[in-house]
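Here's a walk through a predicted model, starting with its sheets and ending at its ligand. Have the viewer open as you read.

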Amino acid sequence: MTVHETPSGEIVPLVRISNVWKKRGANVVLKGVNLVAHQGTVVCLLGPSGAGKSTLLRCINAIELPDRGMIHLDGVAIGCRQEGDKFIRLSEREVSRQRADIGMVFQNFNLFPHMSVLENIIDAPMRVRGEGRAAATQRAHDLLGRVGLADKAKAYPRHLSGGQQQRIAIARALAMQPKLMLFDEPTSALDPHLTDEVLDVMKGLAGAGMTMIVVTHEVAFARQVGDVAAIMADGVIIEAGPARDVLTRPQDPRTRKFLAKSLQKQQE
Amino acid sequence: MTTNAATEAPDWPGPHASPERIVDPPHWGRWVALAAVVVGLAWIAYQLITNPGFQWDIVGRYLFDPIVLRGVAMTIQLTVLVMAIGVVVGVLVGLMRMSRDPLLNFCAHGFVWFFRGTPVLVQLVFWYNLAALFPQLSFGIPFDGPKFFEVSATAAISSFTAALLGLGLNEGAYMAEIIRAGLLSIDAGQTEASKALGHRPWQTFRVVVLPQAMKAIVPPTGNQFIGMLKYTSIASVVALHELMHSVETIYSRTYETMPLLIVAALWYLFMVSVLSVVQHFIERHYLKGWQAEVHTPLQS
Ligand SMILES: Nc1ncnc2c1ncn2[C@@H]1O[C@H](COP(=O)(O)OP(=O)(O)OP(=O)(O)O)[C@@H](O)[C@H]1O
Ligand SMILES: [Mg+2]
């Protein structure tokens, strides 16, 4: 685990989200969000529907750009560059280079249906990173083995179960060798049995030292795997800290209410 | 797990092994319909052979007549070029219409509005008679600025160019809508996933969005292509000798109208058949990974 330090000895987090504001149409979705994710840690983002979790995640890999505030990855501003006291939006081309270093896994998988599993995985490493086919294919097979789907390289996404599709989606993101992985409710579209197979892959990833920001409703997973838990409501982070503390002894009444509700749902 | 404790998966049973094999019910209705269709076809064939009005000997004489063949070649050439212009213009205008840039959007809207809204006949005649409006065509600074390049319009706009411009721009407006509809059919999640992998905008379009949109674009484009093949006959108004105009020139001289129209029909039918086969293979290519999963009545 490499830790970046400033000359003064301060640890620089891999991701620093500072005072991010975002409007969508008339309503303000993010209202000054601050959050950091350190190298090699898992940050779990929980909160009620409509809190702005997806929006925050989409800002981190610049699929959307915040209206105010900054997001830094490894000390580099995402989606814009500073000129004097002005922040100027980067072109899509420049942003795409930044996105290549950030893996993203979506709630509904978003595999490319017209490509086989192998093509899904090797396309971006070849096209974006300029890797050779042989090297990319080799790593794709390694990754498929890692997510337990070594025999599915030739299959098409439609012929796979949801859990299998999501594991392929994780392999596809990992093939770019990202510095950071973002997960947006990766198991919400899956039934409990399939949920576990995806969560197991994610646990393995966390164990291997990948930095991850995970939006999830799986409180048990967050407690077990998360280093940090952040609770979001109404566009702000109302509580953040070590996952075990936040999820077992929440301070904010809204967190308590949210956790009680999710526990109730899980028992049903 | 408890009832079947075999260590290996069981083999697929042989054809007679299992009494519970599921088979389709007999399709009696299909046999009745087949008989009706056969009778109908036989009657048509009988008429075609015995009715002297068709004058098959004359059809045979003109089927490979040089004038007719030249007409066929012109029709093919015009259709292919018009569709090429239509697709290129259609992609550009379709993309412009989906752009977030208000100016591009406005221009594309205006283009589609104008070329879909005016009759092709008028557009053809307009291009053909451009010389009357602008005797000199020039390339340079507008509003009487310096000119870099100048030709006389009568020389530049032949009947072939007029047909190309008239039909091509009109087709571009229709293709723009077909392409836009195809692009709109793709889930936004696909674009997001592609962006998240670091694809540049053009890569996202070419690698992820377009190949999927093609599934929705190819069938109506095939339709346009086939329609255009026959629609090129409208170019006879600007004195272009495509297939229809060629047979017209012959039968206006010999009065063998019916057989010559059959000659034209046979050629169109032949060209359309070739196109349909091509379309089938293109569609199959873009259905990779999809397989027909839409169920409609009349399928069982
Ligand atoms: N395209 C849009 N236009 C306007 N408002 C939007 C749009 N998309 C989302 N919103 C609003 O933004 C807010 C935050 O949405 P977001 O998807 O980030 O929430 P979330 O925390 O991810 O919720 P969920 O748990 O349901 O996924 C919501 O109030 C939503 O209504
Ligand atoms: Mg969400």
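Two strands count as paired if DSSP finds at least two bridges between them. Helices (H or I, at least four residues) and strands (E, at least two) are DSSP runs, numbered from the N terminus. Residues are numbered from 1 along each chain as its sequence is written, with chains lettered from A and ligands numbered from 1 in the order in which they are written. Since this is a predicted model, local features need pLDDT of at least 70 and side-chain atom pairs count only at pLDDT 80 or more, while totals for chains, interfaces and linings use all residues; side-chain values use heavy atoms, leaving out hydrogens and water.

**The four-stranded sheet**

Let's take the antiparallel sheet to begin with. It is open, with four strands of chain A in the order β4-β3-β6-β7. β4 and β7 (76-77) of chain A sit at the edges, each pairing on one side only. In general, strands of a sheet pair through backbone hydrogen bonds, either parallel or antiparallel.

Strand β3 of chain A (residues 15-24) has β6(A) (residues 68-73) as an antiparallel partner over five bridges. Within that pair, A:Arg16 stands opposite A:His72, and A:Trp21 has A:Arg68 as its bridge partner. β3(A) is also joined to β4(A), antiparallel again, by eight bridges, and there A:Arg16 is partnered with A:Val36. That puts A:Arg16 between a partner in β6(A) and one in β4(A).

Two hairpins are worth a look. β3(A) and β4(A) have two residues between them, and A:Gly25 in the turn takes a positive phi of about 60°. The hairpin of β6(A) and β7(A) also has two residues between the strands, with A:Asp74 at a positive phi near 55°. These last two strands pair antiparallel over two bridges, and A:Leu73 faces A:Val76 across them.

**The six-stranded sheet**

The other sheet is open too, but its pairing is mixed: six strands of chain A run in the order β10-β11-β12-β5-β13-β14. Its edge strands are β10 (102-105) and β14 (236-242) of chain A. From one strand to the next, the twist averages 15° (axes are lines fitted to C-alpha atoms, for helices over the stretch in contact, and angles run from 0 to 180 degrees between N-to-C directions). β5(A) (residues 42-46) and β13(A) (residues 228-233) run parallel, joined by four bridges; A:Leu45 and A:Ala230 are bridge partners there.

**One helix, two sheets**

Which strands of the four-stranded sheet does α1(A) touch? They are β3, β4 and β6 of chain A, with contact meaning heavy atoms within 4.5 Å. The helix direction makes about 120° with that of β3(A). α1(A) also lies across β5, β10, β11 (180-184), β12 (211-215) and β13 of chain A, at about 155° to β11(A).

**Around ligand 1**

A residue is near the ligand if one of its heavy atoms lies within 4 Å of it. The shell includes A:Arg24, A:Asn27, A:Gly50, A:Lys53 and A:Glu185. Here are some polar contacts (pairs of N or O atoms within 3.5 Å):

| Residue | Protein side | Ligand 1 atom | Distance |
|---|---|---|---|
| A:Arg24 | side-chain N or O | nitrogen | 2.6 Å |
| A:Gly50 | polar backbone atom | oxygen | 2.8 Å |
| A:Glu185 | polar side-chain atom | oxygen | 3.1 Å |

The protein covers 59% of the 640 Å² of accessible area that ligand 1 has on its own (Shrake-Rupley, 1.4 Å probe). β4 (27-37) and α1 (53-60) of chain A are the elements giving two or more residues to the shell, and α1(A) gives the most, with three.

How values were computed: Polar contact = N/O pair within 3.5 Å; in protein donor to acceptor, adjacent residues only side chain to side chain.
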